[in-house]
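Reader: Could you take me through the helix packing here, one pair in particular and in some detail? I'd like the cut-offs spelled out as you go.

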Amino acid sequence: MSSAKYIFVTGGVTSSLGKGIISASLGKLLQARGFRVTIQKFDPYINIDPGTLNPYEHGECYVTEDGAETDLDLGHYERFLDISTSQANNITTGRIYHNVITAERQGKFLGKTVQVVPHITDEIKRNVYLLGETGEYDFIITEIGGCVGDIESLPFIEAVRQVKWEVGQNNFLVIHLTLVPYLKSAGELKTKPTQHSVKQLLEAGIQPDILVCRAEHPLPNDIRKKMALFCNVNINSVIEARDAESIYDVPLLMLKEKLDERVLSKLRMPHKQEPAIEHWKEFLGKLKNPTSETRIGLIGKYVELPDAYKSIIESFTHAGAYNECKVHLKLIHSEEVTAENAQQLLGELDGILVAPGFGDRGIEGKIQTVRFARENGIPFLGICLGMQVAVVEFARNVLGLEGANSTEMNKETPHPVIAMMEDQKNIQEMGGTMRLGTYTCDLRKGSKAAQAYGKNKISERHRHRYEFNNKYLKEFEAAGMLASGINPDTGLVEMVELKDHPWFVGGQFHPELKSRVLNPHPLFIRFIKAALEYKQKKQKD
């Protein structure tokens with residue numbers, strides 16, 4: 001057995017309490033004390049991964065370096081800890097059952113009856129231990145998705161119970177995140193939902209070590225005493241988690257509540273040193289005290305659910321703080337944009353980002369948006385499909401290629417300037433079959449892209465099937481749209497930019513997936529600078 005300590009974060013009363021943020025905040029504090037930390041997420045749904053889920057169902061699909069399509073919480077883990085996660089950091093019920101059934105078909109259970117206990121729970125535990133057995137981490141934090149009591153979560157909870165007896169109580173800890181609602185009519189915080197939630201955990205054989213209580217009001221000492229008494233925990237292990245102004249405040253709030261100290265004490269670990277979080281505080285200082293502001297439009301087709309663009313939104317937060325600039329994001333539905341109303345919807349913006357996506361809904365609105373940014377000299381950043389529609393718009397309105405399109409939107413287009421890659425054409429299954437994960441890219445010397453990155457060779461994460469059609473490359477470059485980034489192995493165009501535009505850049509990849517709190521992505525940094533420059537020029541004119 002590995003020497004790693006295993007921390008499990010469960011949730012009760014209701015979903016969406018912020019288990020991912022609490023896990024990332026605890027991980028950040030332990031990391032800031034000098035420990036090696038990673039975080040994994042176990043999701044109880046039966047999909048193999050979220051790759052085929054509609055963003056309205058599950059928010060964005062976060063892609064790791066090794067090409068795993070994962071839960072958006074892994075984005076929080078990477079942004080807070082500045083680490084790279086992998087396939088091993090996100091497991092679903094679907095993948096667990098798939099692995100067990102595949103093993104059964106191969107005859108690996110020697111004729112035994114395959115059951116939830118022990119076979120499913122053994123596979124869950126195997127994935128719990130996977131990262132710990134590398135020897136690279138002192139702490140493995142495992143977030144269990146959903147709520148205690150959900151029928152889907154039962155095998156995970158049972159596996160957690162078994163882990164305690166396998167690793168020993170000094171290597172095992174459970175943090176239970178719960179809700180303490182405030183009843184306005186009674187003027188009271190109510191502890192009963194937490195009591196019932198803990199009772200369900202106890203019925204499953206798990207005693208939580210620490211309660212983290214989400215509340216809109218401060219938790220007075222008598223409430224903490226009551227929860228400690230009825231939930232069988234120490235009073236100093238009842239942690240208050242008030243609603244915060246920003247998710248990036250949470251590590252400091254948890255530090256104030258001594259969550260990390262309680263964890264280290266219970267696991268009998270040395271405190272090593274006080275958390276080194278000066279840079280984090282500097283980031284928060286810049287975030288809360290901007291010296292300038294700018295308005296950026298995010299144009300997409302899932303804007304009703306901002307979580308669909310979670311990493312993009314957070315990238316603007318990171319790069320905004322770096323530039324000491326408050327970024328006012330205006331989310332605009334691409335279906336609403338037309339040639340007639342583009343000025344009204346987009347005219348006040350200092351920068352325009354066209355977001356990634358799939359399918360033809362809202363595509364003409366995105367094309368109109370790109371045209372408006374191109375013709376009016378507004379700084380533009382296109383991500384994945386955003387780059388592809390920039391290519392389509394240029395083909396139609398500059399090159400005069402009538403009916404130009406992506407074959408994703410129109411298989412019969414006379415000018416397929418964006419087309420499916422050859423190795424994608426015979427694929428039958430949808431899940432996990434796109435161009436996924438990290439690929440290298442050579443940048444054109446002196447290009448806007450190279451200036452933003454400060455180097456000529458980069459690597460970025462991908463998630464797409466369709467590419468720039470190189471048959472049209474000479475035509476595009478002759479008219480002023482340059483291929484500023486090329487994959488050295490395949491010759492595929494990774495980035496485009498306009499030669500005669502203040503700042504117009506499109507990337508086939510997803511730069512937002514590599515932005516970090518203390519290490520913002522260079523494309524977002526430069527995009528915001530370009531927006532500020534455009535705003536200043538507009539004010540002078």
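Author: Helix 1 and helix 3 are roughly parallel to each other, a label given to angles under 35 degrees. For this pair, the angle is about 25° and the axes lie 9 Å apart; axes are lines fitted to C-alpha atoms, for helices over the stretch in contact, and angles run from 0 to 180 degrees between N-to-C directions. Helix 1 covers residues 19-32 and helix 3 residues 73-81, with helices taken as DSSP runs of H or I, at least four residues, numbered from the N terminus. This is a predicted model, so local features need pLDDT of at least 70 and side-chain atom pairs count only at pLDDT 80 or more, while totals for chains, interfaces and linings use all residues. Residue numbers start from 1 along each chain as its sequence is written, and side-chain values use heavy atoms, with hydrogens and water left out.

As for handedness, helix 1 and helix 3 cross in a right-handed way, meaning the near helix is turned clockwise from the far one by less than a right angle.

Who touches whom? On the helix 1 side you've got G20, I21, S23, A24, S25, G27, K28 and Q31, and they meet D73, H76, Y77, F80 and L81 of helix 3; contact means heavy atoms within 4.5 Å. Sorted by class, the residues of that contact come out as five nonpolar, six polar and two charged. Here Ala, Val, Leu, Ile, Met, Phe, Trp, Tyr, Cys and Pro count as nonpolar, Asp, Glu, Lys and Arg as charged, and the others, Gly among them, as polar.

For another pair, try helix 7 (residues 192-203) and helix 8 (residues 221-231), whose axes come within 10 Å and cross at roughly 25°. That crossing is right-handed.

Notes:
Helix = DSSP H or I, 4+ residues; strand = E, 2+ residues; numbered from the N terminus. Parallel < 35°, antiparallel > 145°, perpendicular 65-115°, else oblique.
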